[in-house]
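Visitor: Please pick one part of this model and take me through it closely. I would like to know what pairs with what, what is covered, and where any empty space is left.

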Amino acid sequence: MPQDDTWQVGETLLASRFLLGTAGYPSPRVLAEAIAAARPAAVTVGLRRTLAGGADNGFVAGVHSAAQAAGARLLPNTAGCRSAREAVQLARMARELYGTDWIKLEVVGDEYTLQPDPVELVLAAATLAREGFTVWPYCTDDLVSCRRLLDAGCPLLMPWGAPIGSGQGLLNPWALRTLRERLPDATLIVDAGIGAPSHAARALEMGFDAVLLNSAVAQSRDPVAMASAFRHAVQAGRTAWRAGVMARQDFAVASTPTGGEAFLIGAA
């Protein structure tokens with residue numbers, strides 16, 4: 001990634017446009033090696049999972065150590081919450097435990113699709129923003145809901161590409177392009193549903209600022225190699241966007257023009 005292509009969240013400058021989740025890896029060692037290969041800007045940590053186990057058995061400390069070595073920050077999340085009240089309480093606990101105001105805000109409204117609840121999400125975001133959190137809201141690609149989140153004080157948006165863990169990629173490119181066009185000054189990160197490096201590259205080619213994913217790396221046969229593949233795909237997509245992806249045409253356009261050039265008709 002070019003050194004002059006940093007991006008900013010609050011007062012923090014970030015170099016990588018790749019963010020990585022930490023759930024479902026075969027072992028702590030593989031997770032640490034995947035983080036090193038990914039070189040992400042941030043790694044997510046689920047507080048609810050830690051609390052459910054009674055103790056993290058060194059998991060968070062290990063993630064924090066690997067993240068620091070890779071130059072990444074911790075991004076606690078509220079995964080598993082079903083209401084604004086529940087998410088706010090968990091975010092407050094995360095700030096105390098992890099010592100960061102960053103919070104990835106998740107409030108699920110449907111058990112089958114794990115689709116974010118737009119009403120509860122905005123309520124939670126507004127409360128947390130007033131309390132000084134830097135809120136990273138996981139949301140749908142609905143333009144109106146996204147505007148409400150920005151109005152609530154979120155410094156960025158994290159619209160889904162597809163349902164969490166589905167690996168289906170960018171199911172609604174039109175909606176994502178609309179967000180990018182209608183919210184030109186907003187920081188937009190595609191979160192959830194990415195299954196292959198090509199999906200990540202496509203998001204960056206469309207002008208999105210970053211991608212966040214977990215399952216595509218954690219569930220691959222070789223998470224470390226896959227993390228590296230995604231890192232390169234993100235870099236390629238971003239470089240392509242900066243270079244200017246050519247416009248699509250509905251007809252053929254000769255790459256070698258013939259006008260004004262001499263040519264022969266028939267055989268000699």
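Guide: Two strands count as paired if DSSP finds at least two bridges between them. In this predicted model, β6 and β7 run parallel and are joined by four bridges. One of the contacts is between Ile-103 and Val-135, its bridge partner in β7. The connection between these strands goes by way of a helix: β6, α5 and β7 form a β-α-β unit that is right-handed.

β7, residues 134–139, is the strand to stay with. Six of its six residues are buried, where buried means under 20% relative accessible area. The cover is on both faces: Thr-134, Trp-136 and Tyr-138 lie on one side, and Val-135, Pro-137 and Cys-139 lie on the other. Val-135, the partner of Ile-103, is therefore on the face opposite to Trp-136, and both are buried.

Trp-136 also takes part in an aromatic contact. The structure holds two aromatic pairs. In the pair formed by Trp-102 and Trp-136, the ring centres are 4.9 Å apart and the planes meet at 55°, so this pair is classed as tilted. Trp-102 belongs to strand β6, residues 102–105, and Trp-136 to β7; the two are 34 residues apart, and the pair links distant parts of the chain. Trp-136 is buried because its relative accessibility is 0%. Trp-102 has a relative accessible area of 4%, so Trp-102 is buried as well.

The next strand is β8, residues 156–159. β7 and β8 pair in the parallel sense over two bridges. Tyr-138, which sits on the face of β7 that also carries Trp-136, has Met-158 of β8 as its bridge partner. Between these two strands the chain passes through α6, and the β-α-β crossover it makes is right-handed. β8 is covered on both faces too, with Leu-156 and Met-158 buried on one side and Leu-157 and Pro-159 buried on the other.

From β8 the pattern goes on to strand β9, residues 187–191, with which β8 pairs in the parallel sense, again over two bridges. Here Leu-157 stands opposite Leu-188 in β9. Helix α7, residues 173–182, completes a right-handed β-α-β unit with β8 and β9.

That leaves the empty space. The count comes to one cavity of 30 Å³ or more. This cavity has a volume of about 50 Å³. Among the residues that line the cavity is Cys-139, which is one of the buried residues of β7. The rest of the lining is Pro-116, Asp-117, Pro-118, Leu-121, Val-122, Thr-140, Ser-145 and Leu-149. Two helices, α5 (118–130) and α6 (143–151), each supply at least two residues, and α5 gives the largest share with three. These are the helices already met: α5 in the unit with β6 and β7, and α6 on the way from β7 to β8. By class the lining has six nonpolar, two polar and one charged residues. The charged residue is Asp-117, because Asp is counted as charged.

Methods: Residues are numbered from 1 along each chain as its sequence is written. This is a predicted model: local features need pLDDT of at least 70, side-chain atom pairs count only at pLDDT 80 or more; totals for chains, interfaces and linings use all residues. Side-chain values use heavy atoms; hydrogens and water are left out. On a 1 Å grid over the protein atoms alone, a cavity is a set of points where a 1.4 Å probe fits but cannot get out, and a pocket is an open set with protein on both sides within 12 Å along at least five of seven lines; lining residues have an atom within 4 Å of a point. Grid points are joined across faces, edges and corners, and a volume is the space filled by probe spheres set on the points. Buried means under 20% relative accessible area, exposed over 50%, partly exposed in between (1.4 Å probe, protein chains only). A crossover is right-handed if, with the strands pointing away from the viewer, the path from the first strand over the helix to the second runs clockwise. Rings of Phe, Tyr and Trp (its six-membered ring) pair if their centres lie within 6.5 Å; planes under 30 degrees apart count as stacked, over 60 as edge-to-face and the rest as tilted.
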